[in-house]
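Me: I'm new to this one and would like a close look at a single part of it. Please pick a strand, walk me through it, and then show me what else is worth looking at.

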Amino acid sequence: MEFFSNGISNENLAYMGHTNLPYNIQQNNIESPVSFNKKSQVSEFIPPSRLNSTSSPSFYTTYSNTTNIVNGSSSTPTKVYASTSYSVTPIKNRNYLGDSPQNISPKIMPQESPPNIYSAGIHQENVGGTTYFYSQEQPPATYSEEPLLPLSYPITPMPGHIYTPPAHIANNIKPKSYHSSIFFMPEDLRNILLLKNEITNNIEHDSSNLPLEIDNYHSLSLLEATSNLTVPSTTTYKATHSSTGLRYCLRRLHGFRIQSVKQMMQVVEVWKKFSHPNCVTLREVFTTKVFGDNSLILVYDLHAGSQTLLSKYFTPTANGYGTTGSAFSGDARPFSHKSTLQRTANGPILQENELWHLIIQLTCGLKGIHQANLACRSLDPTKIIYDGKRLRFSFVGLNDIITFDPNQQNPFHLVNHYQQDDLTALGKLIVALACRCLQSVHRDQIQHSIDLISRHYSSDLKNLITYLLSPNKMKSIVEGVMPKIGVRFYHHVEYLEKQSDMMENELLKEMDNGRLLRLLFKLGCINERELNLDVTWSETGNRYMLKLFRDYLFHSVTDDGSPWLDYSHVISTLNKLDAGTMEKVQLMSRDEQSVLVLTYAELKQCLVEAFNELSFNNM
Ligand SMILES: Nc1ncnc2c1ncn2[C@@H]1O[C@H](COP(=O)(O)OP(=O)(O)OP(=O)(O)O)[C@@H](O)[C@H]1O
């Protein structure tokens, strides 16, 4: 049995953040899984002139430059390559890895040993069947923190790992964890994100008759068929920006003639600067003739998977109730047979807390717009989108852009008036949402609708609506609306804080996963690689350590020989490698004839050097 030891063989399968030292370091007991002998007279680990090199992989070609190797005697089964005052004695039928917390120890799959190396001037001593080799010329070595490799970065011994695992992982981890949810995001969140990506990236098949490109955008697909209900006619597309590859939402105004580009651009610039979490941001505006007319294109951020409030809460029905003409037109009376039919078709009335959840977001967006001295002017269920969590005013600024008067010096001179209109429109929208009926806001039905609301909802809601619909209201949302929302605001903040905590938690996991992916990428590029026609490149020098480390990571087996699959083993080991800790790891060749002990810091150095070599060859 050969040992390559740079120090204590004390591989432990510490779970993240926990150092688990299963063995007594001073012990030299044949019954112990691994025995350690402190040999204070052992000097540095001397490269034994690489004599007698065999056909085995030239393990020492680079590593031995700085690693002291003491050859073993051929007469003894054990050869120890010791660099520190500790050596390691393997015991037959024992695995040399620290027990995992659940007492199931992995073994390394057999792998060929490094070559036999003999050297003169080496003193050997057999203790309990293990042969130790000491260089007699060297002064006695003490177990020091001296790095064994020429490190291009300083290694500072760490009291713990640089990596600090999220607390819940450290606390909740089960002894043998196959629970991927501890390390990866929950399935439902993953599915939501995947779905969003899919919606963002898929190209509709019915886009063949659309232009291939407009301005800097390509891959157009329809988000909604052309609407002739608005003047000018409009169409909404999803498109990809040519240089960034990002997707955007393009709103096309058909046959639109601009009277004064300069003045219109003033308005555009103001809206481009406006950004709010409850508003879709306007990115740019341009004209195009690719559709065969003079079209004006407004480019907005795309919020994939969004639906309008109209489609979410006022589901169009086959008989046309609810969506005929303007969103707020129609002739159903709140308590008429027709209106009852419509409410049934649109679903049951909303829970009050859901309604307040919507109101808070609507007023939040509106407050942002008004504080920027702008007005929304499109508080309509078709112009508010909902992505499952967030409400946003879509197509903000559109009305200012298409209705600006070139004869007016200040394009925003009517903003106060429009802000009042916004509040009235907000009142109507709340009525429609509460009654789940678009016609409920008609002048002759509004009183009935408010009666209905006062029967089903709190007086706060009714008061808010009557305030918003009254002609003499303050224009400030903060002064006028906020006090009526009252304590519900805190509930909303709590909800958002919880969401934010949950997301941060997920981010923490993914941050670690991203870090480990980079390491795996590097390892994968090095392991098994042939470089510059050198078929043994990945088997020699520093790369040999990485090969054994890869085996230790992924190919460990339990006592009964079955694969040892434990996320925590792989993740905590990779984290130690990433941190370059001074903890030692014990690696074993596949034929179980060689054991190599080195610190994670040294392993990290091996990885850095091998990958640098690859990168250099790539230039
Ligand atoms: N920024 C956006 N990101 C993603 N989807 C959006 C965005 N803005 C709007 N949409 C979606 O685009 C679709 C079309 O919106 P649009 O306003 O054209 O609807 P509409 O009901 O046809 O209104 P109009 O009659 O005014 O055209 C809707 O399904 C809406 O959810």
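Reply: One definition before we start: two strands count as paired if DSSP finds at least two bridges between them. Also keep in mind that what you're looking at is a predicted model.

Let's go with strand β12, which covers residues 295-301. Six of its seven residues are buried, so the rest of the structure largely encloses β12. For background, 39% of the protein's 619 residues count as buried.

Now for the partners of β12. One is β10, residues 247-253, which pairs with β12 in the antiparallel sense through six bridges. If you want a spot to zoom in on, try Arg-251, whose bridge partner in β12 is Leu-298. Another partner is β11, residues 282-288, also joined to β12 by six bridges and also running antiparallel to it. Here you can look for Thr-288, which sits opposite Ser-295 of β12. β11 and β12 form a hairpin with six residues between the strands, and in this hairpin Gly-292 has a positive phi near 90 degrees.

Positive phi turns up in residues other than glycine too. Asp-215 has a phi near 50 degrees, and you'll find it in the loop between β7 and β8. It is partly exposed, because 16 other C-beta atoms lie within 10 Å, and a residue needs 20 or more to be buried. Leu-533 has a phi near 65 degrees and belongs to the loop between α15 and α16. Leu-533 counts as exposed, with 6 other C-beta atoms within 10 Å.

Now zoom out. The protein has 18 helices and 17 strands. Take the contacts between residues at least 6 apart in sequence: 69% of them join residues at least 24 apart.

Finally, here's a helix pair to set beside the strands. α11 (residues 446-456) and α12 (residues 459-469) pack with their axes 8 Å apart, at an angle of about 155 degrees. The two helices are therefore roughly antiparallel to each other. On the α11 side, the contact involves Ile-450, Ile-453 and Ser-454, which meet a set of α12 residues including Leu-461, Lys-462 and Ile-465. Sorted by type, the residues of this contact are four nonpolar, three polar and one charged.

Key. Residues are numbered from 1 along each chain as its sequence is written. This is a predicted model: local features need pLDDT of at least 70, side-chain atom pairs count only at pLDDT 80 or more; totals for chains, interfaces and linings use all residues. Axes are lines fitted to C-alpha atoms, for helices over the stretch in contact, and angles run from 0 to 180 degrees between N-to-C directions. Helices (H or I, at least four residues) and strands (E, at least two) are DSSP runs, numbered from the N terminus. Angles under 35 degrees count as roughly parallel, over 145 as roughly antiparallel, 65 to 115 as roughly perpendicular and the rest as oblique. Two residues are in contact if their C-beta atoms, placed from the backbone, lie within 7 Å. Ala, Val, Leu, Ile, Met, Phe, Trp, Tyr, Cys and Pro count as nonpolar, Asp, Glu, Lys and Arg as charged, and the others, Gly among them, as polar. A residue is buried if 20 or more other C-beta atoms lie within 10 Å of its own, exposed if 12 or fewer, and partly exposed in between; C-beta atoms are placed from the backbone.
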